[in-house]
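Q: I'm new to this structure and would like to look closely at one part of it. Please take me through the surroundings of the ligand, and then the strands and helix that go with them.

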Amino acid sequence: MLPHVVAVHNVTKSYASGAAQHEVLRGVSLSIGKGEIAAIVGASGAGKSTLLHIMGALDHPSAGSVEIGGRDLLTMPDAERAAFRNANVGFVFQFHHLLPEFSAAENIALPALIAGKSRSEAEARARALLELVHVAHRGDARPSELSGGEQQRVAVARALANEPQVVLADEPSGNLDEENADALHALLWSLAKERGQTFVIVTHDEGLAKRADALYRLHDGALARER
Ligand SMILES: Nc1ncnc2c1ncn2[C@@H]1O[C@H](COP(=O)(O)OP(=O)(O)OP(=O)(O)O)[C@@H](O)[C@H]1O
Ligand SMILES: [Mg+2]
């Protein structure tokens, strides 16, 4: 049997809160197969971003393990983890994290340049991605010159730059009007179903949660599968 593309085993995460511990995740497990779209819902502060960051090895769990494509990211040496993540994991941050000194197109081209692609290849890919997320006309603008929804779409395009196996997206349609949100969801579905990319999407969008292959709810530090 193929390994799950994403496999999270019994992850816990606590933060020190004065003398006490604030337990955000109390033993979370999930597995997602190739080409699947999993949605994670839950109240503000439930730990959704924390879980997504741990899945992408951007943060360490207190205990437990995470595998992407059958590889344990937590035990990899730092440089290997960074290269593996750049090639295999696309991350859409809740607050975009675009680089302010670079244009939208340059932000999208960066992951491909880091992966060793030529400048012309990376720029061509960035242009195609800008069109895919409907911001082609704003490619030369800096993030501060873009609307919240445009920044969000540029962040999605950047996450797709290296055609990663797995895309972890934190509220990717949170700032979008209905038309743009629908277009983005259609894009994610076509990438999952036609190219076999796997998506884990934190969302408050009920339409997206309904259409996902699997729906998880995070509550009181526990993750329950609802569908
Ligand atoms: N670095 C940190 N240090 C201490 N506590 C933290 C830290 N990061 C997050 N927390 C706490 O962990 C809990 C979960 O935060 P998280 O950002 O994962 O929530 P969320 O479900 O993504 O919420 P939202 O829907 O508002 O984005 C919150 O109570 C938050 O205050
Ligand atoms: Mg969050």
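A: First, a bit of vocabulary: Ala, Val, Leu, Ile, Met, Phe, Trp, Tyr, Cys and Pro count as nonpolar, Asp, Glu, Lys and Arg as charged, and the others, Gly among them, as polar. Keep in mind that this is a predicted model, where local features need pLDDT of at least 70, side-chain atom pairs count only at pLDDT 80 or more, and totals for chains, interfaces and linings use all residues. Residues are numbered from 1 along each chain as its sequence is written, while chains are lettered from A and ligands numbered from 1 in the order in which they are written.

Let's start at ligand 1. Gathered around ligand 1 are Y15, H22, V24, G42, S44, G45, A46, G47, K48, S49, T50 and Q94 (near means a C-beta atom, placed from the backbone, within 6 Å). Two elements each give two or more residues to this shell: β2, which spans 20-32, and α1, which spans 48-55. Helices (H or I, at least four residues) and strands (E, at least two) are DSSP runs, numbered from the N terminus. Of the elements, α1 supplies the largest share of the shell, with 3 residues. So what sort of residues, by class, does ligand 1 have around it? The shell has 8 polar residues, alongside 3 nonpolar and 1 charged.

Now follow β2 away from the ligand and into its sheet. The sheet is open and has 4 strands, which come in the order β2-β1-β4-β5 with antiparallel pairing (strands pair if DSSP finds at least two bridges between them). Why are β2 and β5 left with a side that has no neighbour in the sheet? They stand at the edges, and each has just a single partner strand, so one side of each is without a neighbour there. That puts β2, one of the elements that give two or more residues to the ligand shell, at an edge of the sheet.

Let's walk across the sheet strand by strand. From the β2 edge, the next strand along is β1, and 10 bridges join these two antiparallel strands. One spot to look for in this pair is S14, which stands opposite E23 in β2. The two strands make a hairpin with 2 residues between them, and there G18 takes a positive phi near 65 degrees.

On its other side, β1 is joined to β4 by 5 bridges, and again the two strands run antiparallel. Here V6 stands opposite I68 in β4. Then β4, residues 63-68, is joined to β5 by 2 bridges, another antiparallel pair. For this last step, find E67: its bridge partner is D72 in β5.

And that brings us back to α1, the helix from the ligand shell. α1 packs on the sheet, where it touches β1 (6-17), β2 and β4, and its direction makes about 125 degrees with that of β1. Touching means that C-beta atoms, placed from the backbone, lie within 7 Å, and angles run from 0 to 180 degrees between N-to-C directions of axes fitted to C-alpha atoms, for helices over the stretch in contact.

To put the picture together: α1 gives 3 residues to the shell around ligand 1 and also packs on the sheet, touching β2 among other strands. β2, for its part, gives two or more residues to that shell and is joined to β1 by 10 bridges.

Technical notes: Two residues are in contact if their C-beta atoms, placed from the backbone, lie within 7 Å.
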